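I opened this notebook to record what I looked up in one structure. The entries follow the order of my inspection.

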Amino acid sequence: MDKGFEKERFESLRIKQSVAKKFRNYSKSISKSQSMTLLLMLEFFRDQGISPMDSLGPHLIASEVRILKRINAVIAIMRDMEKTQTKPTAAMILSLFEETTPKEQPLILEKKQMEEKFPKYREREDKN
């Protein structure tokens with residue numbers, strides 16, 4: 001029995017035999033009674049705002065276009081955030097944590113061994 005509809009009486013509808021067979025097979029395939037299957041179909045059409053006479057092609061294509069536009073807008077927002085916020089912030093943090101070793105300067109007390117330096121210019125030696 002269908003929940004919530006136990007006390008209601010059955011009503012007959014006049015439909016063609018081939019249509020009735022298809023409807024019964026469909027009801028069995030979704031594991032619902034014929035009454036509940038018909039109710040679900042009616043609610044679906046009412047909720048979606050479509051008619052069984054309408055083609056779903058334009059509705060689905062329009063929905064897909066709207067979704068793709070929204071996805072592209074989200075991608076553009078994320079790229080802008082990455083460019084203006086994430087990358088500069090990461091670069092600043094990286095520069096703060098980079099280890100730069102200061103140049104080692106010799107101690108004042110430390111003496112280097114002096115190499116023997118020759119003067120650049122010498123006096124001429126006269127041969128006379």
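The entries below concern a predicted model and take up its largest pocket, a surface patch and two single residues.

Entry 1, the largest pocket. I first looked up its volume, and the space in the largest pocket comes to about 790 Å³. I then turned to the elements around it: α1 and α2 are those that give two or more residues to the lining. Of the elements, α2 contributes the most, with six residues. The lining has 21 residues in total, and I noted Phe10, Glu11, Gln34, Ser35 and Leu38 as those nearest the centre of the pocket. By character, I recorded twelve nonpolar, six charged and three polar residues in this lining.

Entry 2, the nonpolar patch. I looked for nonpolar side chains grouped on the surface and found a patch formed by Leu13, Ile15, Val19, Leu38 and Leu42. Together these residues have about 470 Å² of accessible area. Leu38 thus enters my notes twice, as a patch member and among the residues nearest the centre of the largest pocket.

Entry 3, leucine 42. I located leucine 42 in helix α2, which covers residues 34-48. I asked whether leucine 42 counts as buried or exposed. Its relative accessibility is 53%, and because exposed means over 50%, leucine 42 counts as exposed.

Entry 4, lysine 3. I placed lysine 3 in the segment before α1, the helix of residues 17-29. Lysine 3 also counts as exposed, because its relative accessibility is 75%. Finally, I checked lysine 3 against methionine 36: the two are 33 residues apart in sequence, and their C-alpha atoms are 9.5 Å apart in space.

Terms used: Residues numbered from 1 in each chain as written. Predicted model: local features only at pLDDT ≥ 70, side-chain atom pairs only at ≥ 80, totals over all residues. Heavy atoms only, no water. Buried < 20%, exposed > 50% of the residue type's maximum accessible area, 1.4 Å probe, protein only. Patch = residues over 30% accessible without salt bridge, like charges linked within 9 Å, V, L, I, M, F, W, Y side chains within 5 Å. Areas by Shrake-Rupley, 256 points an atom, 1.4 Å probe, with all protein chains shown as cover. Salt bridge = Lys/Arg side-chain N within 4 Å of Asp/Glu carboxyl O. 1 Å grid on protein atoms, 1.4 Å probe; cavity = no way out; pocket = protein on both sides within 12 Å on 5 of 7 lines; lining within 4 Å. Points joined across faces, edges and corners; volume = space filled by probe spheres on them. Nonpolar A, V, L, I, M, F, W, Y, C, P; charged D, E, K, R; others polar.
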